[in-house]
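Grab a coffee and work through a few exercises on the fold shown below. Try each task yourself before reading the solution.

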Amino acid sequence: MYFLKKALLVLMGLFLTALGTKLLTVSHLTFGGTAGISTLLTFSTGISWGVWFFVINFPFFILSVKRLGISFSVYTLLCISLISLINEFLKIAPSPGMHPLLIAIASGLIIGTGVVLVLNNGASLGGIHILAVYMDQHLSINRGKTLFLTDFIIVISATLMVGFVHALYSIVTITIASYLAGKFKPQVTKNNDENDLTLEAQA
């Protein structure tokens with residue numbers, strides 16, 4: 001029952017994250033991390049977001065296996081695969097005339113909530129999230145700070161492609177999402193297996 005509850009929460013988090021990133025993509029906004037890189041590559045190549053997201057995340061999966069344990073890495077690989085599939089088949093369009101700032105705020109809340117649900121239940125969304133969890137566990141650097149800094153760099157790099165104004169709106173999204181991810185941070189304890197880490201949500 002406990003495992004089923006965690007799995008359902010992770011699935012909910014994946015759906016919310018896919019929904020938020022899809023809303024950004026169709027609104028010509030972007031995000032940070034491998035999701036943002038995938039969005040930019042989709043804009044420039046026409047290849048689907050889900051394909052790029054899976055390909056870019058694979059090297060980070062190798063890092064996860066070596067540094068964060070098999071259990072965490074298997075969950076992460078499943079999450080990467082599922083969110084790629086969900087985003088691939090999810091059809092959504094923003095309401096006509098809806099201001100991009102409102103879309104940015106809504107997407108930040110949706111993605112941030114999704115990320116919290118995934119990370120707090122023993123998995124990650126791959127890419128920068130793996131790096132953020134590793135730095136949080138081993139260097140005591142809040143994962144929200146790591147996510148914001150890396151996402152900020154990626155979004156600023158996207159300025160030429162999405163435009164300066166849309167880049168600013170995208171910064172709003174990553175600020176909200178990173179704040180939520182850092183605010184609702186799980187505590188970390190070690191199992192008997194030193195290479196396998198368990199995440200416990202704060203009360």
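What follows is a set of short tasks on this predicted model, each with a worked solution.

**Exercise 1. Get the overall layout: how many helices and strands are there, and in what pattern do they follow along the sequence?**

Start with the count: the protein has nine helices and two strands. Next, walk along the sequence, and you get α-α-α-α-α-α-α-α-α-β-β. Then look at burial: 48% of the 203 residues count as buried. For the outside, the accessible surface is about 10,100 Å², and carbon and sulfur atoms account for 71% of it. Finally, take the contacts between residues at least 6 apart in sequence: 71% of them join residues at least 24 apart.

**Exercise 2. Work out where confidence is lowest and where it is highest.**

Begin with the whole chain. Mean pLDDT is 78, and 89% of the residues reach 70 or more. Now go element by element: helix H5 (residues 100-119) comes out highest, at 91, while strand S2 (residues 197-200) is lowest, with a mean of 37. Last, check the stretch of residues 188-203, where pLDDT stays under 50. The model has 31 contacts beyond four places in sequence for that stretch.

**Exercise 3. Describe how H5 packs against H9: is the pair roughly parallel or roughly antiparallel?**

First, recall what you need: two packed helices are described by the angle between their axes and the distance between the axes. Here, the axes of H5 and helix H9 (residues 164-183) come within 7 Å and cross at roughly 30 degrees. Angles under 35 degrees count as roughly parallel, so H5 is roughly parallel to H9. As for handedness, the crossing of H5 and H9 is right-handed. To see who does the touching, pick out residues on each side: H5 contributes Ala-104, Gly-108 and Gly-112, among others, and H9 contributes residues including Tyr-169, Ile-176 and Leu-180.

**Exercise 4. Find the two residues below with a positive phi, and place each one in its loop.**

Keep the usual case in mind: most residues other than glycine have a negative phi. His-28 has a phi near 60 degrees, a positive value in a residue other than glycine. Its place is the loop between H1 and helix H2 (33-45). Ser-140 also has a positive phi, near 60 degrees, and sits in the loop between H6 and H7. With a relative accessible area of 66%, Ser-140 is exposed.

**Exercise 5. Which residues does Asn-142 touch, not counting those up to four places away in sequence?**

Locate the residue: Asn-142 is in the loop between helix H6 (128-139) and helix H7 (143-157). Then check its cover: its relative accessibility is 22%, so Asn-142 counts as partly exposed. The partners you're after are Asp-136, Gly-182 and Lys-185. For a spacing check, the C-alpha atoms of Asn-142 and Lys-183 are 9.2 Å apart, with their positions 41 residues apart along the chain.

**Exercise 6. Decide on Lys-22: is it buried or exposed?**

Place it to begin with: Lys-22 belongs to helix H1 (residues 2-26). Its relative accessible area is 17%. Buried means under 20%, so Lys-22 is buried. To finish, list its contacts, leaving aside neighbours within four places in sequence: Lys-22 meets Asn-87, Leu-90 and Ile-92.

Definitions and conventions: Residues numbered from 1 in each chain as written. Predicted model: local features only at pLDDT ≥ 70, side-chain atom pairs only at ≥ 80, totals over all residues. Heavy atoms only, no water. Helix = DSSP H or I, 4+ residues; strand = E, 2+ residues; numbered from the N terminus. Buried < 20%, exposed > 50% of the residue type's maximum accessible area, 1.4 Å probe, protein only. Contact = heavy atoms within 4.5 Å. Areas by Shrake-Rupley, 256 points an atom, 1.4 Å probe, with all protein chains shown as cover. pLDDT = per-residue confidence, 0-100. Axes fitted to C-alpha atoms, helices over the stretch in contact; angles between N-to-C directions. Parallel < 35°, antiparallel > 145°, perpendicular 65-115°, else oblique. Left-handed = near helix turned anticlockwise from the far one by under 90°.
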